[in-house]
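Please work through the exercises below with the sequence and the 3D structure at hand, and try each task before reading its solution.

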Amino acid sequence: MYCLAVDSGNSFLKWAFFKNGRKLALNTVCNRELHQLDTDWRSLRQPDTIIVSHVSGHDIQIQLAQLFKIWNIQPYWIEPLPKQCGVINNYTDPKQLGSDRWAALIASWNKFHESCLVVNVGTAQTIDVLSRDGVFLGGIIVPGPYTLKNSIQFATQINLKNDNYCYQNFPTNTTDAIYSGIIDALVGSIERTMRLFQQYQGYSIKHCLISGGGHAELLPHLEFKYTVIENLVLDGMLLIAQDTERT
Ligand SMILES: Nc1ncnc2c1ncn2[C@@H]1O[C@H](COP(=O)(O)OP(=O)(O)OP(=O)(O)O)[C@@H](O)[C@H]1O
Ligand SMILES: CC(C)(CO)[C@@H](O)C(=O)NCCC(=O)O
């Protein structure tokens, strides 16, 4: 089976082309340059399935629907279900959950079958909690590193011209103060979720999975065991596509 999986995020679109579960091609395109996909996708053979996780704007959804007309196939736009591929969705309204978060949770559960913290560092950073029984207990959404940096520039008179910055425990200049604050906010929110899990579930999280375009910045500051999985959302989307084929 040939499957085109498309993860349409708030700033970037990631796509992969799979043959019988094996990735043959993988790419990232900035949302402002989606027209490039026409050339990239025309070089692929016709997929049997097109699966899409779309969390960005309506205009991009329309652009994608137009691009998919290269082939005569109805794409499957993921809608999180109350239960799928072994994961139980605890969101009050399961469909309200971002389809990218749902796919990442499904990929995580199917890799480990254990409790997981699923962290995606993108335009937004999400930290989602999966119990050892495969129940998605809930999770938080915080602005990602790029969004935090933009918001501080927008809301204050600070002009971040200098891109020479580093992390300091007790920063002594403005750029380091902002960069270190962003890292502390993002890493701190992960550590706190871990602590809350232990406190309320009575056991520690077994695996912490980290993914998303901004994950590399956080790694030097993580003081716990973690696993980086580059394209967790795309991996989960393939599982959803296979599950949807079976039913
Ligand atoms: N112009 C840009 N806009 C947004 N993020 C950028 C930009 N340039 C670099 N980045 C980095 O890329 C990361 C975006 O990663 P990713 O591709 O996973 O995001 P996304 O899928 O668009 O976001 P989300 O999953 O939150 O919708 C940000 O965390 C940031 O560090
Ligand atoms: C949180 C983001 C922006 C992360 O990409 C996305 O999953 C989304 O738009 N979610 C919808 C809201 C929610 O998940 O509760």
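Three exercises follow, each with a worked solution.

This is a predicted model, in which local features need pLDDT of at least 70 and side-chain atom pairs count only at pLDDT 80 or more, while totals for chains, interfaces and linings use all residues. Residues are numbered from 1 along each chain as its sequence is written, and chains are lettered from A and ligands numbered from 1 in the order in which they are written.

**Exercise 1. Trace how strand 2 pairs with strand 1 and strand 3.**

Step 1: Strands (E, at least two residues) are DSSP runs numbered from the N terminus, and two of them pair if DSSP finds at least two bridges between them.

Step 2: Strand 1 (residues 2-8) runs antiparallel to strand 2, with 7 bridges joining them; Tyr 2, for instance, has Lys 19 as its bridge partner. The two strands form a hairpin with 3 residues between them.

Step 3: Strand 2 also pairs with strand 3 (residues 22-30), in the antiparallel sense and over 8 bridges, and here Phe 12 is partnered by Cys 30. This hairpin has 2 residues between its strands, and Asn 20 in the turn has a positive phi of about 45°.

Step 4: Of the 8 residues of strand 2 (12-19), 6 are buried, where buried means that 20 or more other C-beta atoms, placed from the backbone, lie within 10 Å of a residue's own.

**Exercise 2. Examine the "binding site" positions recorded by UniProt, with Asp 7 and Leu 13 as examples.**

Step 1: The unreviewed UniProt entry places this feature at Asp 7, Ser 8, Gly 9, Asn 10, Ser 11, Phe 12, Leu 13, Lys 14 and Thr 123. Although they span 117 residues in sequence, no two of their C-alpha atoms are more than 13.4 Å apart, so they gather at one spot. Such annotations may be inferred rather than shown by experiment.

Step 2: Asp 7 belongs to strand 1 and is buried, with 27 other C-beta atoms within 10 Å.

Step 3: Leu 13 lies in strand 2 and counts as buried with 23 C-beta neighbours inside 10 Å.

**Exercise 3. Describe the shell around ligand 2 by class and by domain.**

Step 1: Among the residues that surround ligand 2 are Gly 9, Asn 10, Asp 100 and Arg 101, the criterion being a C-beta atom, placed from the backbone, within 6 Å.

Step 2: By class, the shell has 4 nonpolar, 6 polar and 2 charged residues; Ala, Val, Leu, Ile, Met, Phe, Trp, Tyr, Cys and Pro count as nonpolar, Asp, Glu, Lys and Arg as charged, and the others, Gly among them, as polar.

Step 3: Domain 1 (2-77) and domain 2 (83-236) each give at least three residues to this shell, with the bounds coming from an automatic or database domain assignment.

Conventions: A residue is buried if 20 or more other C-beta atoms lie within 10 Å of its own, exposed if 12 or fewer, and partly exposed in between; C-beta atoms are placed from the backbone. Helices (H or I, at least four residues) and strands (E, at least two) are DSSP runs, numbered from the N terminus.
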